[in-house]
Amino acid sequence: MTADLRLHQVSKRFGPTLALDQITLTVSAGSLTAILGPSGSGKSTLLHLIAGIITPDQGNIALGDRSLIGVPMHRRQVGLVPQNRLLFPHLSVGENVAFGLKMRGVSRPEREALAEQMLEQVQLKGFAQRHPRSLSGGQAQRVALARALVVRPRVLLLDEPLSALDTHLRQDMQDLIRTLQAETQTTMLLVTHDHQEAISLADQLTLLHQGQILQQGSPVDLFQRPRRCAVARFLGGVNFFPAQAEGERVWIQGIPLTLKTAYSGAGWVTIRPELVRVWERPPDRVNVVPVSLEQCRSRGWQWQLQLRHSSGLVIQAWVQQPPGQSQLWVECPPEHLWMMPD
Ligand code: ADP
């Protein structure tokens, strides 16, 4: 895919705070990138720089082969759905959606028709005359999306668009964002701090931490091959063990195991709790360790087991069936054991 949006060594400081530190990022045309990171990691600053609300201290931002530095907001072909999704309270829903078209000098009949069409695309057909006050949170969010998309931006920036919605509305909005993206082929950047949301929506994840990119890649990449413990932790990892490796052999508290990907020296081993297998009889497989069951918590569709090896090692396994005994064996398949430097 061709690169659409490129950031090259972009930095931004607010007084003593270095909000973004030499960010380099490429986003393919028509793809969806999720920007993940804890609060204060620089996610909104990144969107505001791309939108042109603020300017970088250094570095370049380019759309296609055109630099955006010095280009005013309304000339950037970049749309932003801000976090608070504020609609103009004195305008009707239709006028809210048509606002950007009015600013661009589109005639009234044409902008009304385009707004109507856009409202239909976000499943709000017939809402044009309504007032923003009469909308639910989910509806207001869809109007904000329609308002940003109606001017056909090349890049759409979404700042935590789903954080205020409850679970089923979130799912609907996720589906809608995906559908709109497929229909409009808009390049999208979506800020979230919810890793599940990021994984289910995005083609690419960028994980920010203290103004720096910790890792970027496909969801599978970050999930299965985290470069650092912080990445795995942020994506919901819970098993982290100090270890010593020599090629494909690794020792965790004296327990010898096998890695699929060779590693040399000291580091940390992780395995996703969903990928640890639990047996009631020792299976004839590699990386099997006897453990005793310490805790079994039900989450309705899943049981979260805490298991302890005689060395003191504690491992978490999330399984579909509760075990019938406390003496168990865990299997850590080599392809799911992953080692990192810190
Ligand atoms: P996030 O969106 O990941 O929560 P932000 O981009 O909002 O993070 O903020 C990154 C850092 O920059 C934070 O330390 C924040 O306090 C600081 N910051 C952001 N905007 C401003 C501003 N306008 N003035 C001063 N500090 C700011």
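How many nonpolar, polar and charged residues does the lining of the second largest pocket have? In the predicted model examined here, this lining has 6 nonpolar, 3 polar and 6 charged residues. The second largest pocket has a volume of about 330 Å³, and 15 residues line it. Ser92, Gly94, Glu95, Ala98 and Glu112 are the closest of these to the pocket centre. Helices α2 and α3 (108-121) each supply at least two lining residues, and the greatest contribution, 6 residues, is made by α3.

The largest pocket has a volume of about 640 Å³. Its lining comprises 23 residues, and those nearest the centre are Val78, Gly79, Leu80, Gly100 and Arg104. Two or more residues of this lining are provided by each of β6 (78-81), α2 (93-103) and α4 (137-149). The largest share, 4 residues, comes from β6. By class, the lining of the largest pocket divides into 15 nonpolar, 4 polar and 4 charged residues. Helix α2 therefore appears in the descriptions of both pockets: two or more of its residues belong to the lining of the largest pocket, and at least two belong to that of the second largest, where helices are taken as DSSP runs.

With respect to overall architecture, the protein has 8 helices and 18 strands. The C-alpha trace spans about 75 × 45 × 35 Å along its principal axes. Of the 342 residues, 49% count as buried. Among contacts between residues at least 6 apart in sequence, 66% join residues at least 24 apart.

Enclosed space was also examined. A search of the whole structure finds 1 cavity of 30 Å³ or more, and the space in the largest cavity amounts to about 90 Å³. The lining of this cavity is formed by Phe241, Ile252, Ile255, Leu257, Val289, Val291, His309, Leu313, Ile315, Val330, Cys332 and Leu337. The elements that give two or more residues to this lining are β11 (240-252), β12 (255-270) and β14 (288-298). In terms of residue class, 11 lining residues are nonpolar and 1 is polar, with no charged residues present.

Two of the strands that contribute to the cavity lining, β11 and β12, also take part in an open sheet of 3 strands with the order β11-β12-β18 and antiparallel pairing. The edge strands of this sheet are β11 and β18 (338-340), each of which pairs on one side only. From one strand to the next, the twist averages 40°. Strands β12 and β18 run antiparallel and are joined by 3 bridges; in this pairing Thr270 stands opposite Trp338 of β18. In general, the strands of a sheet pair through backbone hydrogen bonds, in either a parallel or an antiparallel manner.

Further antiparallel pairing involves strand β17 (residues 327-331), which is mostly covered, with 4 of its 5 residues buried. Strand β13 (residues 277-279) is joined to β17 by 3 bridges, and the two strands run antiparallel. Trp279 stands opposite Trp329 in β17. Strand β14 likewise runs antiparallel to β17, to which it is joined by 5 bridges. Within β17, Val330 is the bridge partner of Val289. Both Val289 and Val330 are among the residues that line the largest cavity.

A different environment is found at Gly300, which is located in the loop between β14 and β15 (303-308). Is this residue buried or exposed? Gly300 is exposed, because its relative accessible area is 57%, where the cut-off for exposure is over 50%. Gly300 and Gln185 are separated by 115 residues in sequence and by 39 Å in space, from C-alpha to C-alpha.

Helix α1 (residues 43-51) is mostly covered, with 7 of its 9 residues buried. The buried positions in α1 are Lys43, Thr45, Leu46, Leu47, Leu49, Ile50 and Ala51. An α-helix has 3.6 residues a turn, so residues three or four places apart point the same way. Gly52 follows α1, and its phi is positive, near 95°.

Definitions and conventions. Residues are numbered from 1 along each chain as its sequence is written. This is a predicted model: local features need pLDDT of at least 70, side-chain atom pairs count only at pLDDT 80 or more; totals for chains, interfaces and linings use all residues. Side-chain values use heavy atoms; hydrogens and water are left out. Buried means under 20% relative accessible area, exposed over 50%, partly exposed in between (1.4 Å probe, protein chains only). On a 1 Å grid over the protein atoms alone, a cavity is a set of points where a 1.4 Å probe fits but cannot get out, and a pocket is an open set with protein on both sides within 12 Å along at least five of seven lines; lining residues have an atom within 4 Å of a point. Grid points are joined across faces, edges and corners, and a volume is the space filled by probe spheres set on the points. Ala, Val, Leu, Ile, Met, Phe, Trp, Tyr, Cys and Pro count as nonpolar, Asp, Glu, Lys and Arg as charged, and the others, Gly among them, as polar. Two strands pair if DSSP finds at least two bridges between them. Axes are lines fitted to C-alpha atoms, for helices over the stretch in contact, and angles run from 0 to 180 degrees between N-to-C directions. Contact means heavy atoms within 4.5 Å.
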